[in-house]
Amino acid sequence: MAVATFHFPKGFLWGCATASHQVEGNNTNNNWYYWEQTGHTKHQSGLACDWWGGRWKEDMDRAAETGQNTHRLSIEWSRIQPAPDRWDEDALERYRAMLRGMNERGIMPMVTLHHFSDPLWLFEQDSWENETVVPLFEKYVRRVVDALKEYTTLWCTINEPNVYALNGYVAGDFPTGKAGHKGMNLAMKVIANMLRGHAAAYRAIHEIQREARVGYALHYRPMVAARSWLPLDALMRDIQYNGINMAFPSALSTGVMKSPIGNVRIPEVKGLQDYLGLNYYSVDTVKFDLFNPQELFARRYYPADSDFSATKFIANLPQGLFDSLKWAVKTYPNLPIIITENGVEDPDDRMRPRYLAQHLQQVWRAVNFNWPVKGYYHWSLVDNFEWERGWTQRFGLWGLDVETQARIRRPSVDLYAEICKENGISSEMVKKYAPEVLEKMFPG
Ligand code: BGC
């Protein structure tokens, strides 16, 4: 093995990402609360990580002590605007305290304005199905940015519009669940309105704070055809790849949203991003499948011999992160890229150390091509409420005992701490935490 260190550029952002509904607890006024109450989730979020009760403080202590210099959190719209005609100043004050607390700990906040959860009153008006949501979102964004602007300049308008829309309207794992509110047409309408919402938010934020850096977080899934010699597999791969990934990126590049049900002109959104936020987890293999009409005759899966996570939700395919970054630079030359999410569900921390090390090696390769990758947010800091999967998946560097709120330190905490403090990843670290990939990462 070679003794070496992969160094990262000075000022690289190292942190974790979280979302309001997943960590705050007691969110009882949004679409996810409804979804939990109607039995669509494995468990209920309950207190979650009790951030609303104040435990964000101890978790931010953990982040700071382990060398993290940034944290991506989201603001809960239903707390800020509990009813269409009511704004909650106390809630805004709590978020101000949270961001101030991060600043005091040397942690720069990245603020996401929408991460899957909608206020119940908006849900009753069919959320993002109607264009009427756009000025409502803008109004909320203005309120939040006005209140928080002294603590950060880094904003993420909407998290994973594609996951929100496709999981909600096509797969049915996320709300809505309302009779008749299903199908690809509606999903694409929702994404189109999210693009309009992003554009309105982008302009509003810059109006309030000229130096702001505004983007969104794209869930990007590289895909490969199962049998490269079979044109049908290649065709299915292209349809799935474009359908799942391309709506937002195409509209931001050209002002026209590419979609499986036809293109939509949204000229006002063209070029409106100051960085690309990239959420990367894994790569899908795609195969033609006559018996799967609901997914347009394709099947997406991981090969049976993959390095699987605990519930097989994720296959450890680090090269996919490099390919995602390559796609990003090709699509938007010179645009800064921030990895806004990357991580794995792994209660016993068997895979996380190698997943982390191997993915960061790919990020390092990218920065060595001078690609403008500016930061990395691990998903996540502490186990948090995993949407319809409830507590069955554990993504935290720290584990969570849901009953007692105790945090359990996993070995990955120390690996990530060493990486953040060194601003690099060394063969020594890999030898200590993930010896099984040492030779692969540092051959010779
Ligand atoms: C979402 C997170 C989620 C993570 C792991 C991402 O798609 O943005 O909210 O917890 O995946 O499932």
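Asn334 sits in the loop that links α12 (319-331) to β13 (337-341), and this residue makes a convenient entry point to the structure, which is a predicted model. Although Asn334 is not a glycine, its phi is positive, at about 75 degrees. Most residues other than glycine have a negative phi. Asn334 is also exposed, with a relative accessible area of 70%. A second asparagine invites a look alongside it: Asn370, found in the loop between α13 and β14, is not a glycine either and has a positive phi of about 65 degrees. Asn370 counts as exposed because its relative accessibility is 70%, above the 50% cut-off for that class.

Backbone geometry is of interest at one further site. The peptide bond from Trp379 to Ser380 is cis, with omega near 10 degrees. Most peptide bonds, by contrast, are trans. Ser380 belongs to the loop between β14 (373-378) and β15 (398-400).

Turning to the strands, β6 (residues 213-219) is mostly covered, with six of its seven residues buried. Strand β6 has a parallel partner in β5 (residues 154-159), to which four bridges join it; here Leu154 stands opposite Arg213 of β6. Strand β6 also runs parallel to β10 (residues 276-279), this time with three bridges, and Leu218 is found opposite Leu278 of β10. As a reminder for reading these pairs in the model, side chains in a regular strand alternate between the two faces of the sheet.

Another set of pairings is centred on β11 (284-288). Three bridges connect β11 with strand β7 (residues 223-225) in the parallel sense, and the partner of Val224 in β11 is Thr285. Between β11 and β12 the pairing is antiparallel, over four bridges. Thr285 takes part here too, with Tyr301 as its bridge partner in β12. Thr285 can thus be followed from Val224 across to Tyr301.

The loop between β11 and β12 (298-301) carries Leu296. This leucine is partly exposed because its relative accessibility is 39%, which falls between the cut-offs of 20% and 50%. Leu296 joins Leu232, Leu235 and Ile239 in a nonpolar patch on the surface, and together the four have about 310 Å² of accessible area.

Two helices offer examples of buried residues. In helix α5 (residues 89-104), Gly101 counts as buried because its relative accessibility is 3%. Gly101 and Trp56 are separated by 45 residues in sequence, while their C-alpha atoms are 9.1 Å apart in space. In helix α13 (residues 352-368), Gln358 is likewise buried, at 7% relative accessibility. The side chain of Gln358 makes a polar contact with the side chain of Asn316, at 2.9 Å.

Finally, the ligand is surrounded by 14 residues, of which Gln22, His115, Glu160, Glu386 and Trp387 are the closest. Several polar side chains approach its oxygen atoms. An N or O atom in the side chain of Gln22 is 2.8 Å from a ligand oxygen, and a polar side-chain atom of Glu341 is 2.9 Å from an oxygen atom of the ligand. For Asn159, the separation between a side-chain N or O atom and a ligand oxygen is 3.0 Å. Taken alone, the ligand exposes 310 Å², and the protein buries 95% of that area.

Terms used
Residues numbered from 1 in each chain as written. Predicted model: local features only at pLDDT ≥ 70, side-chain atom pairs only at ≥ 80, totals over all residues. Heavy atoms only, no water. Patch = residues over 30% accessible without salt bridge, like charges linked within 9 Å, V, L, I, M, F, W, Y side chains within 5 Å. Areas by Shrake-Rupley, 256 points an atom, 1.4 Å probe, with all protein chains shown as cover. Salt bridge = Lys/Arg side-chain N within 4 Å of Asp/Glu carboxyl O. Helix = DSSP H or I, 4+ residues; strand = E, 2+ residues; numbered from the N terminus. Buried < 20%, exposed > 50% of the residue type's maximum accessible area, 1.4 Å probe, protein only. Near = heavy atom within 4 Å. Polar contact = N/O pair within 3.5 Å; in protein donor to acceptor, adjacent residues only side chain to side chain. Pairing = 2+ DSSP bridges.
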